[in-house]
Amino acid sequence: MGDRQVLHGATANLRVQRRRLLAWYLAISTWLVAVGIVAALLDPAVARSGSFAGMASALALGIAGLVILRWTPRRLGRTPIVAATACAVAAMPAVIAFHVDPSRILISVMGSMFLSMYLAAFWPPRQAVLWIGTLTAATLGAAALAPTRLLWVGYVVVAAALLGSGAIFGAVGRLLVNAA
């Protein structure tokens with residue numbers, strides 16, 4: 001009986017940590033997007049870059065994810081964390097879809113890499129694979145739809161970065177979470 005209580009306590013703690021880290025990711029990435037929007041409004045060169053619509057979409061998705069995590073009742077079970085994760089997965093591809101500079105696409109992929117690590121560490125393995133696959137497909141699709149084109153090697157780098165960060169650093173994160 002005592003082992004069950006410990007296991008249940010660890011599972012409950014994992015849920016709290018998963019929710020907390022997703023909120024941190026959404027808060028930081030949304031804040032960075034907001035800074036990008038302010039820069040676009042203040043600097044005509046950035047405004048001409050064409051990524052304003054994507055940044056506005058990502059800002060809305062980030063805020064929606066944060067609102068879902070903060071004000072949705074916990075009694076709804078997994079629905080809030082799934083909805084907030086979907087917002088996070090959609091946000092960076094929204095930015096990438098409007099970039100006109102290939103280097104900015106690759107810089108934006110870094111945010112998706114952190115999300116990939118989070119997904120691998122805090123979601124059950126099968127679900128993590130689905131989330132990371134969706135994130136990778138959405139990011140590659142957004143890069144393909146962007147006004148600028150990456151060389152074929154850019155798509156390989158993006159896929160390898162997202163899948164690799166989830167596999168390697170996500171596995172390390174999972175080991176640390178399980179050891180705690």
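**A walk along helix α7**

The buried residues of α7 have covers that include α5 (102-122) and α6 (125-145). Keep in mind as we go that this is a predicted model.

Let's stay with α7 for a moment. This helix runs over residues 152-179, and at 1.5 Å a residue its 28 residues should span 40 Å; the end C-alpha atoms do sit 40 Å apart, so the expected and actual spans agree. There's a bend along the way, of about 30°, at Gly170. Gly170 is also among the buried residues of α7, a list that includes Gly154, Val158, Leu162, Ser165 and Gly173.

Ser165 is worth a closer look. Its relative accessible area is 3%, and since buried means under 20%, Ser165 counts as buried. Where does the side chain of Ser165 reach? One partner is the backbone oxygen of Ala161, at 2.8 Å, and another is the backbone oxygen of Leu162, at 3.2 Å. Setting aside residues up to four places away in sequence, Ser165 touches Met113, Ser116, Met117, Ala160 and Gly170.

Now for the nonpolar cores. The largest one has 27 residues, and Leu22, Val33, Leu115, Tyr118, Leu119 and Trp123 have the most contacts inside it. Two or more residues each come from α1 (2-42), α3 (52-71), α4 (79-96), α5 and α6, with α4 giving the largest share, seven residues. Take Tyr118 as an example: leaving out its neighbours within four places in sequence, Tyr118 is in contact with Arg18, Leu21, Leu22, Ile81 and Trp123. Apart from this core lies another, of 10 residues, with Ile105, Ala146, Val158 and Leu162 among them. That brings us back to α7, where Val158 and Leu162 are buried.

Terms used:
Residues numbered from 1 in each chain as written. Predicted model: local features only at pLDDT ≥ 70, side-chain atom pairs only at ≥ 80, totals over all residues. Heavy atoms only, no water. Helix = DSSP H or I, 4+ residues; strand = E, 2+ residues; numbered from the N terminus. Expected span 1.5 Å × (residues − 1). Bend = angle between axes of the 7 residues up to and from the residue. Buried < 20%, exposed > 50% of the residue type's maximum accessible area, 1.4 Å probe, protein only. Contact = heavy atoms within 4.5 Å. Core = buried A, V, L, I, M, F, W, Y, C linked by side-chain atoms within 4.5 Å. Polar contact = N/O pair within 3.5 Å; in protein donor to acceptor, adjacent residues only side chain to side chain.
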